[in-house]
Amino acid sequence: MEYDIIEKVTELSLSGLRLDAKLERAARLLLDAVPFEQCVFYILDPEKNVFEKKAFAGEEITLVESYGGDQGLPGLVKKKKAAIEVYKKDPASTVWEGVDDAGLKGYKSALVCPLRDKERFFGVIYLKSARKAEVSKMKMRALGIMALQASSFIKCADMAESHERIHRELREIEERLASSEKLMALGDMAATLAHEIRNPLISIGGFAGRLKKHLGPGSPGIPYVEQVLKEVGRLEKLMNGVTSFVKDSAVNLRPDDLNGIVEEVLQLFEDEFAAHGIQVKKAFSEVSIGVEVDREQLKIAFDNLIVNAIQSMEHGGVLRLSTSLEGGMAAVSIADSGGGIEPRNLGYIFNPFFTTKTHGTGLGLPITNSIILRHKGTIEVENKPGVGVTFRVILPYLRQFRSAG
Amino acid sequence: MKKRILVVDDEEGLRLLYKEELEDEGWDVELAASGEESLEKLEGDAIDLVLLDIKMPGMDGVEVLRRVKERWKDLPVILCTAYPHYKHEFGTWASDAYVIKSSDLTELKQTIKDILGKRQ
């Protein structure tokens, strides 16, 4: 009889069923083998410290969906790391030896076994009976073996899940890498194109200017020429953006202090902060943060982020800048209170030529992104619609760096 | 006597534009279509300032700049380019000024005035 059930549960562990289906069958098998009427598997979520009902079989006089990690009999078993046998005369009471457990209502006996292996505690098997349940030594042993088997189900399911998660994350990283490579190739192409367009454009604009001079004031041709000049000016602005997309992929890396770079960029904007009523709150790391960077390019990258922040707060706001060391990486965070990005646009903000501004080129963020990528860094966006945006630039940390002086 | 500017650019349209605009400003203008040609002109004519494009086929502007400064240490050179990020690299050494190419020549004209005005 006892060997019978162990055999069945072992077969179950080898089946391809999902975890909750496996546990549910195990619960039914258990009820056939031992004198209880209800069997519940509670699995502990270690992060939330909560027991959740994962599988159930049998009668349903009282069935508790979840327990706090230190609550009721499951909590007690977790603490003692051993099985508990409960018997109380009054089925109406929910208290046994000072432990209050709502699940005991309507039952006289209970048996709660831990699900664990040497390293981890996974949860409990909770068996209940409305009568006085007698469990033989043999059956207790068999139950212990079953609990071990069930623990191995859970562990396998956990491992399969984290395997899947890692696989999914890898695929996401792969996709991001592919798209950033595409972006860089696109940028290089745009820069080449821009260079070819620029000279003829200067000719067109320059000669339109000369034409204007020759026409003289009051000539009916003036508005036409002025229109040409205006459009050329617009295109030139766009071309300037495209060429700063940094056609030369070579970055000139030198040891530098991240705090110093951010501080220098900030100083360039002091007048603008004042003009727009923007309050700047700095939280720089107290020690200098060594990075190996192309200072001029990195300044362009931060410059673009700050320009965006200012544009989102034209009628005032708070700009928070911080630098820190996080998990062995250097981090800069730039947060504005400018209302955030519309969620439907969020996926496009790093695409070249995507803009929501009337006179934007759509190149600020792509340029910033390409510069950061060339520094083997990453850029993250945290968007809070209606509140603001935080851009976080993460760069490799240069441990050996010593600041001058 | 009018001061003489040598404009070095491989684009014909731009050479013509610079010539006309700078002549309007009262300067004499000589033209060269390549780095090599510019060095020949410098050997022959008396030039007071060189306006130099960086990106040219054959000898590029950076090489021309190096040779000019070797031979005529005091001859002012203005570098013109499409790339704003070169500014830092070249602006601080060798060339006397650095101007980003634009159809609006105001900045260029002012820069020339500043440099040649000092040398009156």
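**Entry 1. Burial in chain A**

I looked up burial first: 43% of the 405 residues of chain A count as buried. I note that the model is a predicted one. I then took the accessible surface of chain A, which comes to about 22000 Å². Carbon and sulfur atoms hold 54% of that surface.

**Entry 2. Secondary structure and overall form**

I counted nine helices and 15 strands in chain A. I then compared the radius of gyration of chain A, 34 Å, with the globule rule, which gives 22 Å for 405 residues. The computed value is well over the rule, so I record chain A as more spread out than a compact globule. Along the principal axes, I find that the C-alpha atoms of chain A fill a box of roughly 110 × 45 × 45 Å.

**Entry 3. Contacts and charges**

I turned to the contacts in chain A with a separation of 6 or more; residues 24 or more positions apart account for 64% of them. For charges, I noted 53 positive and 55 negative in chain A. Their mean positions lie 2 Å apart.

**Entry 4. Cysteines**

I searched all chains for disulfides and the count came to zero. I checked Cys113(A) in particular: the nearest cysteine sulfur belongs to Cys39(A) and is 9.2 Å away. The cut-off for a disulfide is 2.5 Å, and Cys113(A) is in no disulfide. I also asked whether Cys113(A) is buried or exposed. Its relative accessible area is 6%, and buried means under 20%, so I record Cys113(A) as buried. In chain B, I looked up Cys80(B), which counts as buried at 2% relative accessibility.

Methods: Residues are numbered from 1 along each chain as its sequence is written. Chains are lettered from A and ligands numbered from 1 in the order in which they are written. This is a predicted model: local features need pLDDT of at least 70, side-chain atom pairs count only at pLDDT 80 or more; totals for chains, interfaces and linings use all residues. Side-chain values use heavy atoms; hydrogens and water are left out. Buried means under 20% relative accessible area, exposed over 50%, partly exposed in between (1.4 Å probe, protein chains only). Helices (H or I, at least four residues) and strands (E, at least two) are DSSP runs, numbered from the N terminus. The radius of gyration is taken over C-alpha atoms; the globule rule is 2.2 Å times the number of residues to the power 0.38. Contact means heavy atoms within 4.5 Å. Accessible areas come from the Shrake-Rupley method with a 1.4 Å probe; for residues, only the protein chains shown count as cover. Lys and Arg count as positive and Asp and Glu as negative; His and the chain ends are not counted. The place of a charge is taken as NZ of Lys, CZ of Arg, CG of Asp or CD of Glu.
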